[in-house]
Each structure stands twice: as C-alpha cells, then as structure tokens.
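Visitor: Please take me slowly through one part of this model, and show me how that part connects with what surrounds it.

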Amino acid sequence: VQLQASGGGLVQPGGSLRLSCAASGSIFSISAMGWYRQAPGKQRELVAVIRSGVSTNYADSVKGRFTISRDNVQNTVSLQMNILKPEDTAVYYCNAEGVETTMRRFDYWGQGTQVTVSS
C-alpha cells in the first residue's frame with residue numbers, strides 16, 4: 001500500500017490550502033485516514049482523522065478552520081485548511097489504517113508535504 005500526498009506550499013496568514021492524499025495498492029478496506037503534522041523541534045501531532053468515512057476528530061487548534069473529507073471509492077483523503085496561521089507551519093503527513101487483500105492489517109504513512117504560512 002502506498003500513500004501519495006500533494007497540495008502543500010507557501011501561503012500568507014489568513015489564506016487557504018487544500019491537501020490531498022491517495023492510497024493505492026492491495027487494499028481490501030480502509031478503516032481510517034488522517035492527517036498529522038510535525039513542526040521543527042516538535043513531536044508529530046494529530047490534525048484530523050476520519051474513521052469509517054464518517055466519524056471525524058480534529059485537534060482543538062484547527063477546529064472550525066480545517067475540514068477533512070474522504071472519498072471511499074477513490075481511497076483519497078483531503079484536508080481543506082482555511083484561515084491559516086503561522087503556527088500551522090509544519091510538514092503534513094497523511095496516514096491510512098486498514099486491511100490489505102492478504103487480510104493483514106496495515107498502518108502506512110505518506111511522504112509528507114510542507115505547509116508554510118508566512119507573510
């Protein structure tokens with residue numbers, strides 16, 4: 001299973017970005033897809049996760065500004081980020097948990113995409 005993330009970049013404070021991540025490979029089912037971020041000198045933290053394509057959970061710092069969504073057919077997850085702040089600057093990683101066609105569980109990470117919020 002591979003995860004390919006895209007959509008990072010440089011944006012001014014107050015701006016918006018949309019991250020996307022596509023999962024491909026020998027996927028039987030995906031139970032959860034999410035986004036995490038890691039700023040310099042800090043631990044990786046949860047940003048948002050969507051489970052079973054319906055239930056969502058957000059970090060308090062992004063509630064009301066970020067929206068996670070998933071396409072269960074395409075096995076993609078997106079993160080719409082609005083009203084971005086300098087403290088949102090980080091490398092963003094997508095994550096997927098599920099079961100492969102071999103019936104083995106998986107928990108994979110994408111390669112990370114840089115988001116920089118600066119004027």
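Guide: What follows is a close look at strand E9 and its surroundings, ending with the charged pairs.

A word on the ground rules: this is a predicted model, so local features are given only at pLDDT of at least 70 and side-chain atom pairs only at pLDDT 80 or more, while totals for chains, interfaces and linings use all residues. Residues are numbered from 1 along each chain as its sequence is written, and side-chain values use heavy atoms, leaving out hydrogens and water.

Let us start with the strand itself. E9 covers residues 90–100; strands here are DSSP runs of E, at least two residues long, numbered from the N terminus. Nine of the eleven residues in E9 are buried, where buried means under 20% relative accessible area, exposed over 50%, and partly exposed in between, with a 1.4 Å probe and protein chains only.

Now to the partners of E9. Two strands count as paired if DSSP finds at least two bridges between them. E9 runs antiparallel to E4, and ten bridges join the two; within this pairing, serine 29 has valine 99 of E9 as its bridge partner. E9 also pairs in the antiparallel sense with E11, over three bridges, and there valine 91 stands opposite glutamine 114. With strand E10 (residues 105–109), E9 makes another antiparallel pairing, this time over five bridges, in which alanine 96 is matched to tyrosine 108. E9 and E10 form a hairpin with four residues between the strands, and methionine 103 takes a positive phi near 75° there.

The end of E9 has a charged residue worth a pause. Glutamate 100 lies in this strand, and despite being buried, glutamate 100 has no salt bridge. A salt bridge here is a side-chain nitrogen of Lys or Arg within 4 Å of a carboxyl oxygen of Asp or Glu. Lys and Arg count as positive, Asp and Glu as negative, and His and the chain ends are not counted; on that basis, the nearest side chain of opposite charge to glutamate 100 is arginine 104, 5.0 Å away. What glutamate 100 does have is a side-chain polar contact with the side chain of tyrosine 108, at 3.0 Å. (A polar contact is a pair of N or O atoms within 3.5 Å; within protein, one must be able to donate a hydrogen and the other to accept it, and residues adjacent in sequence count only if both atoms are side-chain atoms.) Leaving aside residues up to four places away in sequence, glutamate 100 touches Val1, Ser26, Ile27, Phe28, Phe106 and Tyr108, with contact meaning heavy atoms within 4.5 Å.

Back along the strand, tyrosine 92 brings us to the interior. A nonpolar core is a set of buried Ala, Val, Leu, Ile, Met, Phe, Trp, Tyr and Cys residues joined through side-chain atoms within 4.5 Å. The largest one has 32 residues, and Tyr92 is among those touching the most other members, along with Trp35, Val47, Phe66, Ile68, Leu79, Met81. Several strands each supply at least two residues of this core, including E9, E4, E7 and E8. Again not counting residues up to four places away, the contacts of tyrosine 92 include Trp35, Arg37, Val47, Phe66, Leu79 and Met81.

Leu79 leads into another set of pairings. Leucine 79 in E8 is the bridge partner of leucine 19, where E3 and E8 run antiparallel with six bridges between them. E8 also pairs with E7, antiparallel and over six bridges, with valine 77 matched to arginine 70.

Arg37, another contact of tyrosine 92, opens the last topic. Side chains of opposite charge can pair when their charged atoms come close. Arginine 37 forms a salt bridge with glutamate 45, the closest N and O atoms being 2.7 Å apart. Arginine 37 is buried at 6% relative accessibility, whereas glutamate 45 is partly exposed at 36%. Arginine 65 and aspartate 88 form another salt bridge, with their closest N and O atoms 2.8 Å apart. That pair links distant parts of the chain, 23 residues apart: arginine 65 is in the loop between E6 (55–58) and E7, and aspartate 88 in the loop between E8 and E9. Both ends count as buried, arginine 65 at 8% and aspartate 88 at 1%. Salt bridges with shared partners join Arg37, Glu45, Arg65 and Asp88 into one network.
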